[in-house]
Amino acid sequence: MDKETVLNGAAGGQQIPPMEPQRQFYFIERARELVRKKTEEKGRRLTFHVETFGCQMNARDSEKLAGILEAAGFAQEPSEAADFVIYNTCTVRENANNKVYGRLGYLQNLKKKNPDMRIALCGCMMQEKEAVAKLKQSYRYVNLIFGTHNLYKFAELLVAAYESDKMVVDVWEEGREIVEDLPVERKYPFKSGVNIMFGCNNFCSYCIVPYVRGREKSREPEDILNEVRRLADDGVVEVMLLGQNVNSYGKTLKTPVSFAQLLEETERVEGIERIRFMTSHPKDLSDELIRTMARSGKICRHLHLPLQSGSSRILKLMNRQYDKEGYLRLVEKVRAAMPDIALTTDIIVGFPGETEEDFLETMDVVQKAQFDSAYTFIYSRRTGTPAAEMDGQAPEDIIKDRFDRLLAQVQEIAAQKAERLTGTLQQVLVESVNSHDASFVTGRMDNNATVHLPGDASLIGRIVPVRLTECKGFYYYGRLV
Ligand code: 5AD
Ligand code: SF4
């Protein structure tokens, strides 16, 4: 039985609203009824657990999943021993997929103890046909599989997963619409991600994202700003604007808007004190954006600018559309406009054909750009991407050696840069009570670095002045002033 038959059949003649988001609100009601019945049967509340793999976009999507589950009447459970467990998957590197397969075995054991448990999988990995085929074949105890394009239909799919005794699979090849205003359960009361666009049009040759997240689509600025205003009313002081390539925001809208314009509008929202964004592509980083950042009192002094490789030859093969010199010029421009900015990056080692010479170019950029921190990755072959067909990859031990050398250099520079701020006064958004010592709290500086300071839970959600007393490499100790 397919999903439509299950849902329509069980509707008892009731009209299902054809339009979104009304349709999903209808299914939230149906899910509530279902949860209420089960709660009565079991004599306890039904629980859910959302596990997120991957990036900030997935973290935000997981808040949407949690929002629906809470609206349906489930209670959040910190462990995976819950009645409804959903994995929001990532597939950017092969090991992300392997993690999911590994943990599914553990879920199967939990399901043996609680046969009424439902297991769901969603996110980027589900957009891969091979992954879904493997799950259908060998992981029959999974109840629900859906992808990135129909996440907004989660309420409907949730009901289907309870009303069908078969595996429900609903993965779309592409996005159809952006559905606004569904429930969201934020992880933090004082900060929030805000999607400004979905998908990616860049097709970097190693990257699977454009295939699993589809073509770039921007949200209307008014929808974004309304969301930010609602968040501010709700006590949020920091927003992170999210997109795979925020610098090209708004280009495809009927009335085009630049990312810098969107930032300026976001700044006007009262109550919002800090604005972050992720991720920038160097090819689209405009002078307008640099100027906007430099004169802003709210946009954080942090720019994540993925380098990927320092070799112009490899950058060309990667289809990045900038070269080594172009990247370094950009860094200079950004630092000239904002000398105190924290610059972070992503670097891939071992791209097909990368030679020792190419690698040394990467090391050279790392030295010259003086990144405050860098995420370093070993190239992972993703089926369906152009790079998967390229050959000339260096042997594993050579790649591992390059990776270790890069990491050592990245860490050395990061530690030197971090040390320079010791003794300075910084504004810190306190986020939590320290997990190791309850007499401390932990927060983040404007530049995204972590600070631990003596304090209690009453500071959480506040931006407070902190003197940095000690640097521990990539985090600090400080005290309230
Ligand atoms: N292998 C290794 N790293 C990758 N990334 C994206 N695709 C791959 C891949 N196939 C890295 C890039 C990107 C970050 C999110 O993940 O550095 O910026
Ligand atoms: Fe992948 Fe490149 Fe798009 Fe980033 S910009 S998501 S690396 S294709």
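## Around ligand 1 and into the cores

A polar backbone atom of serine 380 sits 2.8 Å from a nitrogen atom of ligand 1. Of the 410 Å² that ligand 1 exposes when taken alone, the protein buries 86%. Keep in mind, as you look around, that this is a predicted model.

Two side chains join serine 380 in making polar contacts with the ligand, through arginine 93 and glutamine 308. Here are the three contacts side by side:

| Residue | Part of the residue | Ligand 1 atom | Distance |
|---|---|---|---|
| Arginine 93 | side chain, N or O atom | oxygen | 2.9 Å |
| Glutamine 308 | side chain, polar atom | oxygen | 2.6 Å |
| Serine 380 | backbone, polar atom | nitrogen | 2.8 Å |

Which other residues are around ligand 1? Besides those in the table, the surroundings include Val92, Tyr206, Asp346, Ile348, Phe377, Ile378, Tyr379 and Arg382. By class, this shell has six nonpolar, two polar and three charged residues. Strand E13 (342-349) and strand E14 (373-378) each contribute at least two residues to the shell.

Tyr206 links this site to the protein interior: it is around the ligand, and it also belongs to the largest nonpolar core, which has 66 residues. Along with Ile196, Val239, Leu241, Tyr249, Phe259 and Phe277, Tyr206 touches the most other members of that core.

Phenylalanine 277 is a good one to display. Leaving out residues up to four places away in sequence, phenylalanine 277 touches Met240, Leu241, Val246, Phe259, Leu263, Leu289, Met293, Ile299 and Leu303. Another core, of 32 residues, lies apart from the largest one, and its members include Leu65, Phe84, Leu151 and Val168.

Conventions
Residues numbered from 1 in each chain as written. Chains lettered and ligands numbered in written order. Predicted model: local features only at pLDDT ≥ 70, side-chain atom pairs only at ≥ 80, totals over all residues. Heavy atoms only, no water. Core = buried A, V, L, I, M, F, W, Y, C linked by side-chain atoms within 4.5 Å. Buried < 20%, exposed > 50% of the residue type's maximum accessible area, 1.4 Å probe, protein only. Contact = heavy atoms within 4.5 Å. Near = heavy atom within 4 Å. Polar contact = N/O pair within 3.5 Å; in protein donor to acceptor, adjacent residues only side chain to side chain. Areas by Shrake-Rupley, 256 points an atom, 1.4 Å probe, with all protein chains shown as cover. Helix = DSSP H or I, 4+ residues; strand = E, 2+ residues; numbered from the N terminus. Nonpolar A, V, L, I, M, F, W, Y, C, P; charged D, E, K, R; others polar.
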